[in-house]
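Okay, thanks for coming, everyone. I'll put the model up and then talk through a couple of spots.

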Amino acid sequence: MKTHKNGIMVLAVMIVLAIATGALAAKEQYVDKSNWETLKGLMPDVALNWVKSGDMVVRYSTLDYDPGKVLPEWVLESKMENIGKYTLTENKAIVETATGNPPRFIKGIPFPDVKLNDPDGGAKVIWNGFYMRNANGSLSNELEVKFFGRKTGYERTILCDWFSKPFDGYEPARSEPNPNNFESVNQILIKSPYDMAGTAMMTWKYRTDKENMLYGYVPAIRRVRRLTPSGRSDALFGSDYAQDDGGYVAYDGAVNYFNWKIIGEGEVLGGFISTKPTLVTRNKAGHWDFNFKNDGPIQWSFEKKREKNSGAPWFVDSAVWAKRPVWIVEGIPKDIYYNYGRQIFYIDKETHCCYWKVIDDRTGKHWKTLWYYWSMGQDAEKTVSWNAMLITTILDERMQHATCQDGNRRYRCGVDLNSNQFSLSGFTALCK
Amino acid sequence: MKTFRYWLFIGLLITGAMIQGKAFAISFGDEGALEVTGKIQSRISLRTSGSEGFTFPDVAKGNMVQQRNLAMIELNHVLSRQSETMPEFKYHVKGRFLYEGVYDYGPEAFRDLRDANPDVIDDFKHDEDLWELYADYLKGPWFFRVGKQNLSWGETDIYQLLDRINPLDNTFGGAFEDLDDRRIPIWMARGMYNFGNVGPISSLTLEGFWNPGHAGQEVAPFAPYGTPYAYPSPPPTVPVRLHEPEETFQNSRAGVRIQGVIDDNFNVALAHYQTIMDTPSAVVTIDPSVEGMVAQDLTYETVQVTGASMNFYEEHLNTVFRTEVAWFWDEPVFIPEINAPALFGNFVTGEIPKTNVLRYMVGFDKNFWFRLINKKSMINMYFQYFAEYYTSYDRRQKVPVNRFPAGEFIDQERYEDKYTLLTSTTYMDGTLTPQVALVYDPEGALMYIPSIEKSFHPWIFKLSYYGITGHDDVSVGILRDRQQVSFQATLVF
């Protein structure tokens with residue numbers, strides 16, 4: 001009888017251990033070239049090839065929270081309130097479904113009910129991404145733009161300040177005067193190295209189908225100068241990014257510059273900085289700071305000792321990759337001189353944030369891949385949520401050269417930036 | 001002192017190399033990052049043409065004419081950032097350290113020049129200066145900047161119309177140097193107020209500045225005879241006396257500008273200001289206290305400028321058009337019979353004649369893809385047409401530069417024009433920049449400056465050629481014997 005009891009005890013312990021081990025295995029595993037098949041169908045093929053070749057090791061995990069619920073409250077509310085409320089014109093401008101008029105203000109995201117077979121579905125997914133960035137309020141970030149080469153490893157860093165202010169989507173902006181009908185405005189100012197310091201750019205984006213207005217400040221001529229919007233697919237500051245490779249959906253131009261189409265849906269791995277939400281705290285000025293230190297150190301692959309020609313230097317090894325539901329959207333530029341051809345976007349159905357963008361050249365051959373590492377922020381009381389596109393990376397597959405934008409130094413949401421900062425005089429005042 | 005400067009520069013170079021191109025940042029609380037950046041630069045220029053005419057000293061082809069060592073250290077500190085409720089305070093400090101080595105270890109002709117005139121040349125060849133120092137205050141529509149600073153108005157590059165607020169240092173490299181590198185910061189109070197949207201105009205902004213004239217005016221330095229970038233002239237036969245402006249309120253630099261955006265496309269500005277001419281006006285003076293009783297007096301005259309500028313984007317052509325017009329009220333001109341009657345046997349002191357001058361520019365900026373030569377970056381092209389017109393023209397008007405060999409002054413035409421073109425692109429992830437700049441005077445002179453810049457962070461290397469062809473009595477052609485090749489190494493952090 002005693003033997004029988006001992007046997008039951010051993011069996012019970014073994015079952016508990018097996019469950020625990022299984023749970024751990026399901027919770028996190030590292031996928032590399034030895035088991036890359038595990039990720040088939042969960043990454044764009046070009047990215048899967050990086051794992052297969054040994055360039056990338058994926059920390060495949062699940063998140064301890066639902067990112068679709070760690071969103072600003074007005075976004076969550078808009079998912080119910082805005083169903084069927086808005087539609088698109090022929091030029092892909094947003095109008096009220098009931099009246100056909102442009103809305104005075106849109107709370108949260110405009111199209112919570114995107115359908116796979118909606119011919120305007122692609123454009124709506126992109127609009128949602130624009131409004132998702134707006135919903136995070138004015139941003140004041142310090143960005144490190146890092147350059148990498150396969151052979152050269154880490155090359156250099158450009159340090160910038162980024163400021164953006166939404167006039168739509170962000171509930172506290174509802175009462176903000178908006179006589180120019182802006183959707184959002186933004187500024188980027190280079191702080192170092194010295195040869196580039198002082199270079200600045202300002203963009204005015206409109207709520208209509210009007211062309212964006214661009215201004216640049218060039219220290220060499222010491223004045224604000226109008227820039228042509230035609231350069232939006234031109235290399236930005238010599239990097240692998242073009243101006244349009246930005247924002248929460250990896251596209252930062254006007255929606256009507258492209259033909260958009262949803263070409264599928266499914267699950268892909270999305271990059272996150274941690275399995276937990278990042279702690280956000282209110283600073284003395286009342287703005288919300290992301291405290292990335294609580295997420296542990298960010299480990300770049302270039303920082304670890306590598307054997308010669310093994311692995312690539314441009315990955316964040318400490319990031320986690322979790323399955324997320326996505327729309328797969330195709331974007332084709334209308335401008336025959338645009339430098340990119342077809343682009344495929346993988347955009348979260350619930351958070352409206354992009355995880356991957358695969359870029360072809362104008363002849364249809366693969367050229368670049370862009371991916372994100374997100375940080376979903378929440379305060380200690382879990383009552384306030386913000387979202388940060390903490391790190392984005394773009395890889396030029398032909399040149400084997402990459403550029404990363406890293407917002408780890410300062411990422412601040414819900415900032416009450418003054419509109420005057422984004423006027424011509426305000427822009428001039430920011431410059432040298 | 002010479003040794004000290006040498007070691008100071010070497011020390012800066014070593015320090016720069018040790019910090020490996022990284023900017024310093026020291027954080028103070030939530031905002032106040034204090035950042036230090038800078039550059040250490042060395043440039044050598046060799047003449048590719050032998051001296052001709054009145055150019056002095058006589059420098060043979062292949063000889064060094066410039067060995068400039070420059071360090072700029074900049075400090076920026078944001079004390080508080082602007083928000084809806086908080087003003088922004090920040091300050092900026094820049095130090096400049098310059099040492100021109102050509103007078104110490106250059107060709108014998110330059111060393112002799114220094115030996116003959118040590119005070120002037122020693123002062124000219126080095127500089128340790130608090131180059132910029134200003135504080136900013138921003139609050140809502142208000143902006144103030146007070147301190148030693150640069151201010152540039154208008155739309156033009158290369159040649160200045162409305163952009164004549166700061167004096168230019170033409171001893172720094174003359175026409176062979178970027179315009180901005182020649183600007184000399186001056187003590188100035190500057191303010192802006194943004195009215196916002198008024199009728200069809202958005203971002204309507206009123207701006208004003210004042211550089212007090214009664215507290216020591218900074219003027220454009222005059223290139224001493226014999227220095228590499230002085231205009232060719234025969235050696236002065238009478239004493240030359242340089243007079244800086246009197247320290248009076250009337251000699252202030254000051255102005256206002258109003259600008260805005262019309263119809264969300266047309267950036268328009270109207271401006272009026274008073275400045276001080278960069279080139280001093282010459283008169284021949286009869287002065288019994290001077291040996292020979294004759295002297296040449298050079299004075300810096302004030303001038304008032306009224307003008308307007310505009311730019312707009314034309315979407316069908318994918319082009320930004322720029323234009324600027326400026327009216328110079330009573331600008332000093334040179335009429336030898338009036339400025340120097342003694343040259344014509346009339347032994348009385350000369351006067352400075354003045355006339356109104358109209359100057360304007362029409363230009364465009366065009367970025368385009370030319371994938372045959374660059375698949376990743378666009379080609380940038382900036383074209384400008386400049387013209388000037390003397391409204392009350394006197395046929396005796398001259399340019400105060402002597403024609404070789406007889407020494408007569410060069411004619412000043414009533415209407416003159418020039419074309420400029422700058423084209424560039426980038427390769428190798430922005431680290432390789434080829435560029436070509438052209439200045440063409442239809443009267444028969446062309447300046448062409450091909451250059452290539454490559455950076456190996458934190459080092460930047462630049463090779464430029466400055467070629468000039470055409471008549472030696474036409475604008476840029478006057479310097480046609482100064483053609484040079486320059487190599488520049490810069491360490492940035």
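Quick convention before the hairpins: two strands pair if DSSP finds at least two bridges between them, and strands (E, at least two residues) and helices (H or I, at least four) are DSSP runs numbered from the N terminus. This is a predicted model, where local features need pLDDT of at least 70, side-chain atom pairs count only at pLDDT 80 or more, and totals for chains, interfaces and linings use all residues. Residues are numbered from 1 along each chain as its sequence is written, chains are lettered from A in the order written, and side-chain values use heavy atoms, without hydrogens or water.

So, the hairpins. E17(A), residues 366-378, runs antiparallel to E18(A), with 11 bridges joining them. Leu370(A) sits opposite Ile394(A) there. There are 6 residues between those two strands, and Lys382(A) in the turn has a positive phi of about 55°. On to E19(A): E18(A) pairs with that strand over 6 bridges, again antiparallel, and Thr393(A) has Cys404(A) as its bridge partner.

Is E18(A) buried or exposed? All 12 of its 12 residues are buried (under 20% relative accessible area, 1.4 Å probe, protein chains only), so the strand is largely enclosed by the rest of the structure.

Now the interface. Contact (heavy atoms within 4.5 Å) takes in 68 residues from chain A and 71 from chain B. We get 6 salt bridges across it (Lys or Arg side-chain nitrogen within 4 Å of an Asp or Glu carboxyl oxygen). One of them joins Arg225(A) and Asp157(B) at 3.1 Å, N to O.

Definitions and conventions:
Buried means under 20% relative accessible area, exposed over 50%, partly exposed in between (1.4 Å probe, protein chains only).
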